[in-house]
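Biologist: Please take a close look at one part of this structure for me. I would like to hear about the aromatic rings and the helices around them.

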Amino acid sequence: MAVEKITMPQLGESVTEGTISKWLVAVGDRVNKYDPLAEVMTDKVNAEIPSSFAGIIKELIAGEGDTLAVGEVICLIELEGTEGSAPAAAVEAETETKAEAAPVKSDVPKARYSPAVLKLAGEHNIDLNQVQGTGMNGRITRKDLLKVIETGNIPAPVAVAQPVAQAPVIEGTRTEQPKVAAPAVEAAKPVSVPTMPGDIEIPVSGVRKAIAANMLRSKHEAPHAWMMVEVDVTNLVTYRNSLKDEFKKREGFNLTFFAFFVKAVAQALKEYPQINSMWAGDKIIQKKDINLSIAVATETELFVPVIKQADEKSIKGIAREITELAHKVRTKTLKSEDMQGGTFTVNNTGSFGSVQSMGIINYPQAAILQIESIVKRPVIMEGGMFAARDMVNLCLSLDHRVLDGLICGKFLARVKEILENVSKENTSVY
């Protein structure tokens, strides 16, 4: 029977890998097309991987807890109703190089690395022969390399010649012979923390691991810079408070302060489109659509759903989407498409009482804006008089590869201007 491969799908525009959290099938199980095979987690979404074929599960390539790059094989399915096809071993062999330079015999197995692992190793000059893998059959995963990078103990290449037959194989591609190689040594271990009586050990969930990996990548790759402005939102608070009760009765959902902030940010992004950009290695992509990611937290997890075309929506429309997306997160009905396409992130840290914070950029976006808590503060007004005003800090973290202080300062100044001019006379929520 023919054997087909199921690969890790791309579950979001900027998602490059996923973690198998739970297999829903076992070897020998018969599945239909579109039946769920496994639960997978990324830093943005939890989802099920459906089968692309009807058949029998031949082999589970990845184990639970393994992190694989998009496109890597996770399992093999033996199709029903076909004869004379290559066995599973032959299918697996297709991912290895078919051409060897010479019939050199060697007992050393060929190393197999995913494109994501090779890319990360090349960027940080890591000798993969000196890294101990934790994946299936000792395979080196991207998570292994991130641990090495985090410790700072990066093994440098050692110039030791090896036979041509020991060339590494890039899954799904052909590769050139390596110039250097060295015997594998044990990778750096995580910090050992002693457990004392009364301490509680909390296992790290797959979602938390995925979040940690993406945050580490963002901090490691993107040179973060930070700036803040304070905004007098006294008129905004007065206007919103005058509307909220009637609005809730009429529309059935809350008119939050956050909706006003999101609208102001969307308007300012339209005027300063450079902020609405992404780093793409050899180029910067300035996005046309203004799709705002908003952070929504549960007790144990953080999700970042997206308000699409936020600049085209009214304050009421934005308030409705915030309510609906938050409901999906808390009822676990959020879909992968709800998480895709974000171009800029707005984080409502003020809901926790925070007044000043530095957000980590939602990679590969170029910036994230933290909306802090609105607090009453004494402010010197014109004429030198003091007055109690409603003040809020807006804190922007930016990728200095993409953005500079000048354009970010203009952007924040524009957001400030929009918010300070909100009033009954010149602002409509509809």
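Modeller: Start with Tyr430, which is partly exposed, with a relative accessible area of 44%. Keep in mind that this is a predicted model. Tyr430 pairs with Phe247: the ring centres are 6.1 Å apart and the planes meet at 35°, so the pair is tilted. The two rings come from distant parts of the chain. Phe247 sits in helix H5, Tyr430 in the segment after helix H8 (405–420), and 183 residues separate them. Phe247 is buried because its relative accessible area is 3%, and the cut-off for buried is under 20%. Phe253 joins in too: Phe247, Phe253 and Tyr430 form one aromatic cluster.

Searching the whole structure gives four aromatic pairs. One of them is Tyr239 with Phe260. This pair is edge-to-face, with 6.3 Å from centre to centre and 75° between the planes. Tyr239 lies in helix H5 (residues 234–251) and Phe260 in helix H6, 21 residues apart. Tyr239 is buried, at 9% relative accessible area. Phe260 is buried as well, at 3%.

Now follow helix H6 (residues 257–271) to helix H7 (residues 315–330). Their axes come within 9 Å and cross at roughly 120°. The crossing is right-handed. On the H6 side, the contact is made by Phe258, Ala259, Phe260, Val262 and Lys263. On the H7 side, Ile315, Ile318, Ala319 and Ile322 make it. By class, that gives eight nonpolar residues, no polar ones and one charged.

One last ring: Arg240 lies over the face of Phe257, 4.3 Å from the ring centre.

Technical notes:
Residues numbered from 1 in each chain as written. Predicted model: local features only at pLDDT ≥ 70, side-chain atom pairs only at ≥ 80, totals over all residues. Heavy atoms only, no water. Axes fitted to C-alpha atoms, helices over the stretch in contact; angles between N-to-C directions. Helix = DSSP H or I, 4+ residues; strand = E, 2+ residues; numbered from the N terminus. Left-handed = near helix turned anticlockwise from the far one by under 90°. Contact = heavy atoms within 4.5 Å. Nonpolar A, V, L, I, M, F, W, Y, C, P; charged D, E, K, R; others polar. Phe/Tyr/Trp six-rings, centres within 6.5 Å; stacked < 30°, edge-to-face > 60°. Buried < 20%, exposed > 50% of the residue type's maximum accessible area, 1.4 Å probe, protein only. Lys NZ or Arg CZ within 6 Å of the ring centre and 35° of its normal.
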